[in-house]
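User: Please take a close look at one part of this model, the strand that sits among several others, and then work outward to what surrounds that strand.

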Amino acid sequence: MQTDKVRVLFVGDIVGDAGRKIVIDSLDYLKNNYFYDISIANIENIAGGFGITKETYDYIEPYFDAFTTGNHVWDKKDIVINIDNMPKLAKPFNMPNTKGKSFVIIEKNNVKILIATFLGRIFMNPVDNPFILINQITQNPELPAIKVIDFHAEATSEKQAFGWYCDGKVSACLGTHTHVQTNDEKILPNGTAYITDVGLTGCHSGVIGFRKDAIIDKFITYMPTRFDVCKEDLRLNACIIDVNIYNGKAVNIEKINISST
Ligand code: FE2
């Protein structure tokens, strides 16, 4: 760790076994080339493309310091039973009546970092208003100055608006959920690192990580279709963010898009 900065690795949505494979295969490269201090990953799609199980959590747990989630977090019944045994997992903050931790605080070299997940509401199922609920984090002086927020949302407009609303209040507002890495990473004027979507960690030869033939069939026939994770063209999408440890402001954001070969 540099004396005045903490370097954060944030890995975009890990989808299924293909995503788990490319993450594990990439970790040595990432460590040796980016020298990050803490690591976070979105794992809401880690179990078969939909949801999280205790088995998949336990598999990925040793490699990261914290995990964010999303709209599919409750898809597998297994997580409802086991979420209290997943201490690194930040459930969606704006689902206040559900089980799980509203945020995760990790500590490295005496530096504390808060990680939270917020869900968007445009083209998504109903949840509480993230613009209002995030004030519970940003206006609480007892929480760490360094805050990394995963904004898991569909609409780019909502993501951009939330990023601007968070500017100067959190260290990073990183979009997830659409599984396509965007080209708009930046440091907003008041010191918040922003990207509309970090991207997909998994198969890049399908449709957002799933076999394209089944999804095309569904668009043609409207019939219920089984979505299976595809296995080819594995890529890891991520961001590196450098944050000043004294004031929590980001000074650099860099996106990563690497293949397994
Ligand atoms: Fe999602």
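The answer below starts from one strand and moves outward.

Analyst: This is a predicted model, and the part chosen is strand β12, residues 234-244.

How many of the residues of β12 are buried? The count is 10 of the 11, so β12 is largely enclosed by the rest of the structure.

Next come the strands that pair with β12. Strands of a sheet pair through backbone hydrogen bonds, either parallel or antiparallel. β12 runs antiparallel to β13, and nine bridges join the two. Within this pairing, Cys239 has Lys255 of β13 as its bridge partner, and Val243 has Ala250, also in β13. β12 and β13 make up a hairpin in which five residues lie between the strands. In the turn of this hairpin, Gly248 has a positive phi of about 75°.

β1 is also joined to β12, through seven bridges and in the antiparallel sense. There, Leu9 has Ile240 of β12 as its bridge partner. β11 is antiparallel to β12 as well, with two bridges between them; the partner of Cys203 is Leu234 in β12.

A helix also packs here. Which elements do the buried residues of α1 pack against? They pack against β1 (5-11), α2 (54-60), β11 (202-203), β12 (234-244) and β13 (250-259). The buried residues of α1 are Gly16, Ala18, Gly19, Arg20, Ile22, Val23, Ser26, Leu27, Leu30 and Tyr34. An α-helix has 3.6 residues a turn, so residues three or four places apart point the same way. Helix α1 covers residues 16-34 and has a kink of about 40° centred on Ser26, which is itself one of the buried residues. Just after α1, Phe35 adopts a positive phi of about 50°.

α2, one of the elements packed against α1, leads to the metal site. The iron ion is coordinated by Glu44 (OE), Asn71 (OD1), His152 (NE2) and His177 (ND1), at 2.0 to 2.2 Å. Glu44 lies in the loop between β2 (38-42) and α2, and His152 lies in strand β7 (residues 146-152), so this pair ties together parts that are 108 residues apart in sequence. Glu44 and His152 are both buried. Why is the arrangement around the iron ion irregular? The angles subtended by the four donor atoms are 85 to 166°, which makes it irregular. Along the chain, the donors follow the spacing E-x26-N-x80-H-x24-H.

β7, which holds His152, belongs to an open sheet of six strands with mixed pairing, in the order β5-β6-β7-β8-β10-β9. β5 (104-108) and β9 (186-187) are its edge strands, each pairing on one side only. Five bridges connect β5 with β6 (residues 111-119), and this pair is antiparallel; Lys108 stands opposite Val111 in β6. Helix α6 (residues 156-166) packs on the sheet and touches β6, β7, β8 (172-176) and β10 (193-195). The direction of α6 makes about 170° with that of β8.

The last stop is the loop between β9 and β10, where Pro189 lies. Pro189 is exposed, with a relative accessible area of 67%. Not counting residues up to four places away in sequence, Pro189 touches Trp164 and Asp167. From Pro189 to Gly48 the separation is 141 residues in sequence and 39 Å in space, C-alpha to C-alpha.

Methods: Residues are numbered from 1 along each chain as its sequence is written. This is a predicted model: local features need pLDDT of at least 70, side-chain atom pairs count only at pLDDT 80 or more; totals for chains, interfaces and linings use all residues. Side-chain values use heavy atoms; hydrogens and water are left out. The bend at a residue is the angle between axes fitted to the seven residues ending there and the seven starting there. Helices (H or I, at least four residues) and strands (E, at least two) are DSSP runs, numbered from the N terminus. Buried means under 20% relative accessible area, exposed over 50%, partly exposed in between (1.4 Å probe, protein chains only). Contact means heavy atoms within 4.5 Å. Donors are N, O and S atoms within 2.8 Å of the metal (3.2 Å for Na, K and Ca); water is not among the atoms, so sites may look incomplete. Four donors count as tetrahedral if all angles lie between 85 and 135 degrees; four count as square planar and six as octahedral if opposite donors are over 155 degrees apart and all others between 65 and 115; anything else is irregular. Two strands pair if DSSP finds at least two bridges between them. Axes are lines fitted to C-alpha atoms, for helices over the stretch in contact, and angles run from 0 to 180 degrees between N-to-C directions.
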